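Here is a set of questions and answers for someone meeting this structure for the first time.

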Amino acid sequence: MNTIGLRNIISIGVLISLATVFVANEICSQTSQPAATTANEYPKEVKLINKNQANYDTPENTMAAIESAMKAGDLKWYYETMTKEAELKLKKIDEKQTDNEKIKELKKNGKETKKIEIVEKRVIKDKAAVLLVVKHYATDNAIIQLPHVFIIESNKWKLTYKFNSEEWFKDIIQLPPEN
């Protein structure tokens, strides 16, 4: 085969690949299935911040606030990182616990985590939401991968539970094996 023929085959292959990605993104934009981003900035470590440094202008910044609030055991700040709906849902789930018990649990979870890393970011186009796939590296060397979905509420990116029952959401979760 000559060089021109080989270049044409490679060009056609590239076009088919690009068309496949375009079609996949179009399908994802018409469903709640998240489309993966192509950014090379991941994995990206989540840096802990002080409450006065918190801003919610990106899902990543909100993720930093969530983890920092947990580490600090600041229940009020933790709730501020969520949509009102998510806050109410979490409060209902935890209604048997006192605030002091919730704070103790937040601090415990914060102390047991030595590193947090965003490994992937996906956009859920039709729902105007962003999914961050986050790995939590525990002090006992366990690694937990969890999905965190954010939407804009009152001009701030906030954590939502709206997608927790979606199949793709459950597929992302990776827990360490039972001992």
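**Salt bridges, cores and confidence**

Author: Lys84 and Glu87 are 3 residues apart in helix H4, so about one helical turn separates them.

Reader: How far apart are the closest N and O atoms of Lys84 and Glu87?

Author: This is a predicted model. Side chains of opposite charge can pair when their charged atoms come close. Lys84 and Glu87 form a salt bridge, and their closest N and O atoms are apart by 3.5 Å.

Reader: Is Glu87 buried or exposed?

Author: A residue is called buried when its relative accessible area is under 20%. Lys84, at 55%, is exposed. Glu87 has a relative accessible area of 11%, so Glu87 is buried.

Reader: With which residue does Glu87 form a salt bridge at 2.7 Å?

Author: The partner lies in helix H4, 4 residues from Glu87, or about one helical turn. This partner counts as partly exposed, at 32% relative accessibility. The salt bridge, with its closest N and O atoms 2.7 Å apart, joins Glu87 to Lys91.

Reader: Which residues are linked with Lys76 and Glu80 in a network of salt bridges?

Author: Glu80 and Lys76 lie 4 residues apart in helix H3, and their side chains meet in a salt bridge of 3.5 Å, N to O. Lys76 counts as exposed because its relative accessibility is 58%, while Glu80, at 29%, counts as partly exposed. The other residues linked with them in the network are Lys51 and Asp74.

Reader: Which element gives the most residues to the largest nonpolar core?

Author: The largest nonpolar core has 26 residues, and Met63, Ile66, Tyr78, Met82, Leu132 and Phe150 have the most contacts inside it. Elements that each supply at least two residues of this core include helix H3 (75-80), helix H4 (84-93) and strand S4 (129-138). The element that gives the most, with 6 residues, is H2.

Reader: How many residues are in the second, separate core?

Author: Ile124, Ile151, Trp168 and Ile172 are among its members. This second core is separate, and its residues number 10.

Reader: Which element has the lowest mean pLDDT?

Author: The protein averages a pLDDT of 78, and 77% of the residues score at least 70. Strand S6 (residues 156-160) has the highest mean among the elements, 96. The lowest mean pLDDT, 35, belongs to helix H1.

Reader: Over which residues is the pLDDT below 50?

Author: Where pLDDT is low, the predicted coordinates should not be read in detail. Beyond near neighbours in sequence, the stretch in question has 11 contacts in the model. The pLDDT is below 50 over residues 1-31.

Key
Residues are numbered from 1 along each chain as its sequence is written. This is a predicted model: local features need pLDDT of at least 70, side-chain atom pairs count only at pLDDT 80 or more; totals for chains, interfaces and linings use all residues. Side-chain values use heavy atoms; hydrogens and water are left out. pLDDT is the predictor's confidence in each residue, from 0 to 100. Contact means heavy atoms within 4.5 Å. A nonpolar core is a set of buried Ala, Val, Leu, Ile, Met, Phe, Trp, Tyr and Cys residues joined through side-chain atoms within 4.5 Å. Buried means under 20% relative accessible area, exposed over 50%, partly exposed in between (1.4 Å probe, protein chains only). A salt bridge is a side-chain nitrogen of Lys or Arg within 4 Å of a carboxyl oxygen of Asp or Glu.
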